[in-house]
Amino acid sequence: MELFYIIGAILCGIAVLLGVVAAIMRTYPDDFAIIGMGVVELYLVVYGIAAGVHLANGDVIQGEFWEFWGYLLTALFIPPLAFWWALADKTRWSNIIMAAASGTVFVMLFRMNQIWYG
């Protein structure tokens with residue numbers, strides 16, 4: 001699961017960077033920032049499937065089981081909410097919200113990694 005965390009950190013970092021650059025350069029939601037949110041969401045789905053496979057193969061979460069899955073389910077809601085915000089609010093702030101959402105997902109991934117390894 002460590003490799004998944006590293007990949008997720010890189011993807012979230014790129015999505016944050018895309019959102020910030022889009023906010024600087026555009027006054028409306030940028031396609032690259034929206035695509036970055038989609039990539040983060042797709043990653044979270046793959047991460048959840050991988051976590052399930054690891055658990056089915058006998059791995060054990062060192063922390064609380066419910067806490068790990070609670071973080072994952074909450075993180076799965078953040079990118080779609082940021083995406084819908086971007087569709088509803090056609091201003092520069094949508095890019096900032098998408099960057100902040102990606103940063104929030106990164107923090108949640110960090111916490112999920114801590115819970116997984118104890």
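Me: Let's start in the middle. How many residues does the largest nonpolar core have, and which of them have the most contacts inside it?

Reply: The general idea is that in soluble globular proteins, nonpolar side chains tend to be buried together. In this predicted model, the largest nonpolar core has 26 residues. Leu44, Tyr47, Phe68, Val105 and Leu109 are the ones with the most contacts inside it.

Me: Which elements give two or more residues to this core?

Reply: Four helices do: H1 (2-25), H2 (31-56), H3 (65-88) and H4 (92-117). The largest share comes from H4, with eight residues.

Me: Now the helix pairs. How do H2 and H3 run relative to each other, roughly parallel or roughly antiparallel?

Reply: You go by the angle between the axes: over 145 degrees counts as roughly antiparallel. The axes of H2 and H3 cross at roughly 160° and come within 9 Å, so these two helices are roughly antiparallel. As for handedness, H2 passes H3 in a left-handed crossing.

Me: Which residues make that contact?

Reply: From H2 you have Ile34, Met37, Val40, Glu41, Leu44, Val45, Tyr47, Gly48, Ala51, Gly52 and Leu55. H3 brings Phe65, Phe68, Trp69, Leu72, Ala75, Leu76, Pro79, Pro80, Ala82 and Phe83. Sort the H2 and H3 contact by class and you get 18 nonpolar, two polar and one charged residues.

Me: And what about H2 and H4: at what angle do their axes cross?

Reply: Here the low end of the scale matters, since angles under 35 degrees count as roughly parallel. The axes of H2 and H4 cross at roughly 15° and come within 10 Å, so H2 is roughly parallel to H4. H2 passes H4 in a left-handed crossing.

Me: Which residues meet there?

Reply: On the H2 side, look for Ala33, Ile34, Met37, Val40, Tyr43, Leu44, Tyr47, Ala51, His54 and Leu55. They meet Asn95, Met98, Ala101, Ser102, Val105, Leu109, Met112 and Trp116 of H4. By class, the H2 and H4 contact has 15 nonpolar, three polar and no charged residues.

Me: Serine 102 caught my eye. Is it buried or exposed?

Reply: For this you check relative accessibility, where under 20% means buried. Serine 102 sits in helix H4, and its relative accessibility is 0%, so it counts as buried.

Me: What does serine 102 touch, leaving out residues up to four places away in sequence?

Reply: Its contacts are Cys12, Ala15, Val16, Met37 and Val40. Two of these names, Met37 and Val40, are also on the H2 side of the contact with H4.

Notes
Residues numbered from 1 in each chain as written. Predicted model: local features only at pLDDT ≥ 70, side-chain atom pairs only at ≥ 80, totals over all residues. Heavy atoms only, no water. Core = buried A, V, L, I, M, F, W, Y, C linked by side-chain atoms within 4.5 Å. Buried < 20%, exposed > 50% of the residue type's maximum accessible area, 1.4 Å probe, protein only. Axes fitted to C-alpha atoms, helices over the stretch in contact; angles between N-to-C directions. Parallel < 35°, antiparallel > 145°, perpendicular 65-115°, else oblique. Left-handed = near helix turned anticlockwise from the far one by under 90°. Contact = heavy atoms within 4.5 Å. Nonpolar A, V, L, I, M, F, W, Y, C, P; charged D, E, K, R; others polar.
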